[in-house]
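Student: Hi! Could you walk me through this model?
Tutor: Happy to, here it is.

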Amino acid sequence: MTEPKSLQEAIVYFSNPDNCIDYLAVRRWKNRVAICPSCGLDNAKFNPKRRTWTCAKHHAKREFSIKVGTVMEDSAISLDKWLTATWLVTNCKNGISSYEIARDVRVTQKSAWFMLHRIRLAMQDDFFGSKLGGECEADETFIGGKARNMHIDVKKRRITGSGPGDKTAVIGILERGDSSKGTHSKVRTAVIPNRKKKTIQAEVKQHVQAGAALYSDFLLSYEGLASEYAHKVVDHAVEYVRGSVHTNGLENFWSLLKRGISGTYVSVEPFHLFRYLDEQMFRFNNRKDLDDAGRFNLAVSQIVGKRLTFAQLTGKVGETSN
């Protein structure tokens with residue numbers, strides 16, 4: 001059976017546990033040669049009855065499954081449910097709630113919520129030190145649930161006044177695409193503690209190459225960037241576009257993000273916001289170059305070497321990636 005290209009095909013294909021293992025093994029190990037996650041030896045024997053591998057070297061945890069060393073480690077949920085959930089979250093434009101995942105794959109809402117956060121970890125892009133160039137836009141926004149949608153207990157805890165004081169600041173930097181080269185716009189976002197000059201400019205310098213064209217609004221925190229960038233400003237009190245000087249690309253991304261948060265998730269805790277940013281960035285940055293199967297394949301290829309426990313997710317211990 002050929003690999004799936006649609007959600008319907010994926011559900012049928014991954015209903016076979018052997019197909020699930022084969023699909024993951026191809027993307028995890030070169031030439032499908034299993035490597036022991038404990039000792040790194042590439043001499044393990046597959047047991048088709050248990051669907052596990054046993055390392056040739058005698059040591060603790062010498063028997064391992066395809067889940068070990070991935071975001072799915074220590075999960076009793078079957079692979080077909082994991083992969084169906086991954087397909088949904090990587091391809092639903094406005095996201096998908098844990099309640100819907102729970103209904104679709106028949107797990108509890110708490111399990112679905114934990115699954116989604118681990119999938120978002122796999123969708124995370126580390127950028128590997130690369131910087132954006134060409135024409136770039138920089139903008140900030142505030143993220144916070146609408147008070148009318150909150151439970152009264154949540155509203156009392158999170159809404160203490162008016163304005164953006166009870167919301168979380170987020171910065172976005174977008175590299176514009178070039179149609180002549182067949183490239184599309186890419187965005188990077190980060191949760192920031194405030195919109196002060198030091199904070200804003202540190203993010204810009206971290207992600208944008210010196211000498212690039214940089215467009216922003218009239219926020220005073222951007223003052224001084226003209227010494228390193230071809231910086232131009234559009235004052236939204238007067239106009240929104242002046243030739244190529246605008247931040248409409250980022251405004252479009254903020255619209256997609258907030259539509260997903262307000263319409264799908266209703267309200268997001270600030271502690272978890274960066275994961276929802278990772279999810280939306282993944283879909284946005286791969287919206288043109290990859291189809292549904294391609295985005296799914298990319299996410300699955302990034303599940304190895306990442307671990308998120310429930311204690312880490314709920315803030316009971318410091319988060320680390322193994």
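Tutor: We can talk about a sheet and then about cavities; keep in mind that this is a predicted model.

Student: Great. In what order do the strands of the open sheet come?
Tutor: The order is β6-β5-β4-β7-β8, with 5 strands and mixed pairing.

Student: And which strands are at the edges?
Tutor: Those are β6 (186-192) and β8 (230-233), each of which pairs on one side only.

Student: How are neighbouring strands turned against each other?
Tutor: On average by 20°, with direction ignored.

Student: Does a helix come into this? Which strands does α8 touch?
Tutor: Helix α8 (residues 248-265) packs on the sheet and touches β4 (135-143), β5 (168-175) and β6. The direction of α8 makes about 30° with that of β4.

Student: Back to β8 for a second. Do β7 and β8 run parallel or antiparallel?
Tutor: Parallel: 4 bridges join β7 (residues 213-216) to β8. As one example, Leu214 has His231 in β8 as its bridge partner.

Student: Cool, new topic. How many cavities of 30 Å³ or more are there?
Tutor: A search of the whole structure gives 5. The largest cavity holds about 60 Å³ of space.

Student: What lines the largest cavity?
Tutor: Its lining includes Leu24, Met72, Trp82, Thr86, Ile119 and Val300. Two elements, α3 (79-91) and α5 (109-123), give two or more residues each, and α3 gives the most, with 3 residues.

Student: How many of the lining residues are nonpolar, polar or charged?
Tutor: For the largest cavity, 9 are nonpolar and 1 is polar, with no charged residues.

Technical notes:
Residues are numbered from 1 along each chain as its sequence is written. This is a predicted model: local features need pLDDT of at least 70, side-chain atom pairs count only at pLDDT 80 or more; totals for chains, interfaces and linings use all residues. Side-chain values use heavy atoms; hydrogens and water are left out. Two strands pair if DSSP finds at least two bridges between them. Axes are lines fitted to C-alpha atoms, for helices over the stretch in contact, and angles run from 0 to 180 degrees between N-to-C directions. Contact means heavy atoms within 4.5 Å. On a 1 Å grid over the protein atoms alone, a cavity is a set of points where a 1.4 Å probe fits but cannot get out, and a pocket is an open set with protein on both sides within 12 Å along at least five of seven lines; lining residues have an atom within 4 Å of a point. Grid points are joined across faces, edges and corners, and a volume is the space filled by probe spheres set on the points. Ala, Val, Leu, Ile, Met, Phe, Trp, Tyr, Cys and Pro count as nonpolar, Asp, Glu, Lys and Arg as charged, and the others, Gly among them, as polar.
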